[in-house]
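Please open the structure in your viewer and keep the selection tool at hand, as this tour goes from one selection to the next.

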Amino acid sequence: MALRRKLIVGNWKMNGNLAALAELAPIAEAARAAAGVDVAVCPPFTLIAPAVARANGIAIGAQDVHAAASGAHTGCVSAAMLKEVHAQLVIVGHSERRAEQQESDAAVCAKAQAALAEGFQTIVCVGESAAEREAGRAVEVVSGQLAGSLPEEAHEGELVVAYEPIWAIGTGKVAIPADVAEMHAAIRAALVQRFGERGTRIRILYGGSVKADNAAELMRVPDVDGALVGGASLTAAQFVPIVEAAHG
Ligand code: PEP
């Protein structure tokens with residue numbers, strides 16, 4: 001059996017409505033057929049509860065969480081609240097939140113800690129900008145984000161890392177397999193250095209314009225344990241072939 005099961009996660013971002021939850025049925029059917037692949041969808045907060053009711057075996061997650069358990073944080077949602085509606089995973093540190101909400105590595109780390117402590121599968125996103133890659137600093141930047149964003153202690157929840165080069169998100173530009181391989185190897189080395197044997201079991205996802213026509217090639221790259229998918233997760237027609245590609 002493979003050391004790490006493939007994990008395909010859809011991030012709906014600020015898209016979708018109750019009618020869009022009809023997409024979950026064919027996705028769940030594909031997930032059942034793709035034995036050995038874990039499948040999850042992260043809709044906006046308002047759709048989590050109805051999505052859970054229609055999940056049929058796929059995991060439903062959130063796109064963010066607050067680091068605190070409760071209190072005066074207008075507009076925010078805690079890990080306990082997400083647990084109450086049966087969300088199973090949480091994304092933290094997405095580059096859109098790092099940019100739009102000015103989330104620092106320390107803030108992302110605190111959120112990850114809160115989610116892991118509640119037992120969530122917790123996806124910590126990292127990734128360099130186009131300028132940083134052009135300057136030859138991609139691995140250095142991502143290593144710094146990992147050092148600052150990953151919580152120290154092992155918790156109940158499962159830690160997952162998503163490598164998402166910012167220039168590849170929503171642009172149609174996908175990182176070439178050689179660059180993905182180099183980055184995922186560097187992330188694996190950092191995880192093993194930091195967590196020892198546990199670091200060999202942490203799944204590393206690739207994200208950034210993953211589509212039906214490039215997913216199979218990306219899934220074959222060493223240390224690519226799945227994908228975080230934005231645009232192509234919004235319809236079953238585009239998402240199901242990615243789940244199938246992970247099945248191999
Ligand atoms: C994302 O936002 O996590 C993402 C990878 O988006 P897209 O697949 O649309 O590039």
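Which polar backbone atom is 2.8 Å from an oxygen atom of the ligand, and to what residue does that atom belong? Select S209, whose polar backbone atom is 2.8 Å from an oxygen atom of the ligand, a polar contact being a pair of N or O atoms within 3.5 Å. Taken alone, the ligand exposes 290 Å², and the protein buries 98% of that, with areas from the Shrake-Rupley method and a 1.4 Å probe.

Before going on, note that this is a predicted model, in which local features need pLDDT of at least 70 and side-chain atom pairs count only at pLDDT 80 or more, whereas totals for chains, interfaces and linings use all residues. Residues are numbered from 1 along each chain as its sequence is written, and side-chain values use heavy atoms, with hydrogens and water left out.

Next, select E164, where a polar side-chain atom lies 2.7 Å from an oxygen atom of the ligand, and then G170, where a backbone N or O atom lies 2.6 Å from an oxygen atom of the ligand.

Finally, select C42 and C125 to see why the structure holds zero disulfides. The sulfur of C42 is 9.5 Å from the closest cysteine sulfur, in C125, which is too far for a bond, since a disulfide is a pair of cysteine sulfur atoms within 2.5 Å. C42 is buried, with a relative accessible area of 0%, and C125 is also buried, at 1%, where buried means under 20% relative accessible area (1.4 Å probe, protein chains only).

Methods:
Polar contact = N/O pair within 3.5 Å; in protein donor to acceptor, adjacent residues only side chain to side chain. Buried < 20%, exposed > 50% of the residue type's maximum accessible area, 1.4 Å probe, protein only.
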